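Subject: Structure handover

Hello,

Here is the structure I promised to send. Please open it beside this message. My notes follow below.

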Amino acid sequence: MPTKLRTTTHYLFTEQLRLLGWTYVYLIAIFLILPFIFDLISGNLKDFSLTGSIATLGLGAVFGLFLMITMSLTYDHFKLFIQNGISRKTFWRARILSMLAMGLVGTIITAIYDYAIVVPLRFDSIAKFFNNGNFYTLYIHYFGNNLAINIFASLIMLLLAYILLGTTGLAFGSIFSLLSKTTRRLVLILGPILGIFFLFFIASNSNGHSSDSFIWLLDLFKFLVGDFNNAAAGHLNPLMPMLTMLVGSSIMAGIAYFFNQKLKVKS
Amino acid sequence: MSLQVKAVTQQFHGQTILDKLDLTFEPHTIYGLLGRNGAGKSTLLNIISNRIFASDGTVTLDDETLVDNDATLGRLYLMSEVNLYNERTKLNKLLTTTAQFYGDFDQAYAVKLAGQFDLDLNARFGKLSTGYRTIFKLIVALCVPADYIFLDEPVLGLDANHRELFYQALIDTYTERPRTFVISTHLIEEIANLLENVVILDQHKIVVSGGVPDVLAKAYTITGPETDVQQYTESLNVIGTDHLGGITAHYVYGDLPDDRPIPDTVQVEHLDLQKLFVNLTNATEVAHAN
């Protein structure tokens with residue numbers, strides 16, 4: 001690996017690790033320590049469950065959100081790197097590499113959290129954990145009942161989901177860095193509103209009463225998540241969402257590269 | 001071995017900022033990049049350092065492109081007026097980061113200069129005044145192991161004492177390790193003695209480029225009674241005029257004719273760099289205004 005790529009990747013990776021540490025510190029402070037203090041002050045300490053609070057912290061979901069947000073932070077890094085003679089291409093490559101490394105870190109953290117903390121505290125067994133609302137519930141029977149294979153497959157899916165979130169953050173961050181402050185604010189305000197409106201529009205048109213025009217969208221979604229021929233829950237094909245996430249990540253990485261190459265210093 | 005700017009054009013919203021610029025920066029030379037506000041100096045430096053893209057033209061370092069090229073970008077450093085450092089980051093950390101990316105960063109000299117400038121390296125960049133931000137950026141610029149250092153407004157916000165300190169540090173570091181410095185500033189008189197070469201940008205074009213002694217050798221003040229001065233400077237490149245009482249001064253840029261005798265009433269002297277700059281850039285303004 002070229003020296004500059006290694007240095008840039010190392011810089012981004014260590015910075016993200018530091019930020020992740022702080023994120024978890026805040027998470028623990030807000031969802032563990034503050035409720036404890038409130039219950040202590042209000043005299044309801046018997047209502048406070050330390051194990052319950054720890055088991056519902058949702059470190060995995062928080063990590064996904066963290067990765068997407070930190071990967072979208074583009075311009076500040078671009079400024080620093082171009083000041084230090086780092087090209088846009090190296091910057092993009094380093095972001096991809098650090099994102100992959102962080103995805104792996106997140107998968108390991110989530111695995112440790114799920115199997116060493118959540119399962120013993122909330123479920124009697126890993127099988128019950130998989131059968132009670134975990135994302136892998138939909139696919140649990142596809143590879144048979146071998147627990148090791150299912151754990152491995154679920155972790156691969158999780159890693160791919162993190163990578164998709166990371167590359168999505170990269171793509172949006174690169175696009176946003178090219179916009180002016182006013183346009184950025186407009187997009188941030190109007191984007192979610194239009195998105196919600198669009199979802200309602202689809203929902204109202206796909207309930208079979210008014211029109212079938214969006215049924216194809218629902219069918220496409222089912223296909224992408226591995227639901228062929230209305231398979232029963234637990235029997236969906238996990239390879240399909242894996243492929244979907246892999247292709248989606250590649251597209252997002254491509255979009256990020258395209259806009260990354262257009263980054264320039266704002267005066 | 002040189003940094004070459006070839007036919008660089010920059011247009012923005014239909015306005016021409018730089019118009020087919022051709023320029024060469026040789027190694028181990030101190031250049032002055034002079035121009036009035038809006039002449040395109042900062043734009044040129046930003047294009048050279050690949051911070052923005054030129055509409056047309058190329059910039060190469062030893063025949064290798066500077067666009068998206070780590071090898072060439074790592075050989076130059078632009079200290080710009082725009083702050084590109086994170087405001088929350090401490091100066092110590094910024095020095096370490098610079099050292100990580102540039103390698104061979106002269107940390108000891110950076111600490112020494114920080115001491116001379118009374119700069120607290122534990123402070124956060126965002127907490128510094130304009131002057132101290134400039135000082136920090138100057139320190140980095142003087143300590144990076146790059147071959148080409150571009151300084152855009154290097155004395156912005158600096159008091160006279162700090163400016164003197166900077167000029168001295170520049171001479172010291174250049175003597176110890178010669179490399180190319182390109183200094184873009186409005187304080188021409190202060191840096192005139194440091195410069196070996198000068199580039200003057202006006203109306204988005206290069207109007208003068210060359211060694212300072214050569215350029216000044218062709219810059220004259222012709223003073224005397226108006227009719228005599230006018231007679232002598234007829235058909236010469238008069239870039240400006242002044243009148244004081246009965247005395248007229250014509251500023252000429254170009255070779256004086258050998259076959260034209262200088263009248264006894266007329267005095268010929270050389271211009272200094274600032275006076276030449278003012279008249280050259282004023283002349284164009286008048287020409288354009290007409």
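How much space lies in the second largest pocket? About 620 Å³. Keep in mind throughout that this is a predicted model.

**The second largest pocket**

Its lining has 20 residues. Nearest the centre are A:Val265, A:Lys266, A:Ser267, B:Asn46 and B:Ile52. Three elements each supply at least two lining residues. From chain A that is α7. From chain B, look at β1 (3–12) and α1 (41–48). By class, the lining divides into seven nonpolar, eight polar and five charged residues.

**The largest pocket**

The largest pocket has a volume of about 950 Å³. It is lined by 34 residues. Closest to the centre are A:Glu15, A:Leu73, A:Asp76, A:His77 and B:Arg88. Chain A brings α1 (3–41), α3 (59–72), α4 (75–83) and α7 (147–178) to this lining. Chain B brings its own α3. Each of these elements supplies at least two residues. The lining counts 14 nonpolar, eleven polar and nine charged residues.

One of the residues closest to the centre of that pocket, A:Asp76, also forms a salt bridge with A:Lys79. The closest N and O atoms of the pair are 3.8 Å apart. How do the two sit in the chain? A:Asp76 and A:Lys79 are three residues apart in helix α4 of chain A, so about one helical turn separates them. Over all chains, the salt bridge count comes to eight.

**Where the chains meet**

The contact takes 25 residues from chain A and 24 residues from chain B. About 2,200 Å² is buried between the two chains. Carbon and sulfur atoms give 55% of that area. On the chain B side, look at B:Asp68, B:Leu84 and B:Phe101. These supply 33% of the area that chain B buries against chain A, more than any other three residues.

What about charged and polar pairing across the contact? The count between chain B and chain A is zero salt bridges. Polar contacts are there, though: eleven residue pairs between the chains, with both residues at pLDDT 80 or more.

Three elements of chain B each supply at least two residues of the side that touches chain A. They are α2 (70–73), β6 (76–79) and α3 (91–102). Helix α3 of chain B gives the most, with seven residues. By class, this side of chain B has eleven nonpolar, nine polar and four charged residues. Note that α3 of chain B also helps line the largest pocket.

**Chain A overall**

Chain A has ten helices and zero strands. Its C-alpha atoms fill a box of roughly 55 × 55 × 40 Å, taken along the principal axes.

**Where to look on screen**

Start at A:Asp76 and its partner A:Lys79. Then go to α3 of chain B, which gives seven residues to the side touching chain A. Finish at A:Lys266 and B:Asn46, both among the residues nearest the centre of the second largest pocket.

Best wishes

Methods:
Residues numbered from 1 in each chain as written. Chains lettered and ligands numbered in written order. Predicted model: local features only at pLDDT ≥ 70, side-chain atom pairs only at ≥ 80, totals over all residues. Heavy atoms only, no water. Contact = heavy atoms within 4.5 Å. Buried area = accessible area lost by both parts, 1.4 Å probe. Salt bridge = Lys/Arg side-chain N within 4 Å of Asp/Glu carboxyl O. Polar contact = N/O pair within 3.5 Å; in protein donor to acceptor, adjacent residues only side chain to side chain. Helix = DSSP H or I, 4+ residues; strand = E, 2+ residues; numbered from the N terminus. Nonpolar A, V, L, I, M, F, W, Y, C, P; charged D, E, K, R; others polar. 1 Å grid on protein atoms, 1.4 Å probe; cavity = no way out; pocket = protein on both sides within 12 Å on 5 of 7 lines; lining within 4 Å. Points joined across faces, edges and corners; volume = space filled by probe spheres on them.
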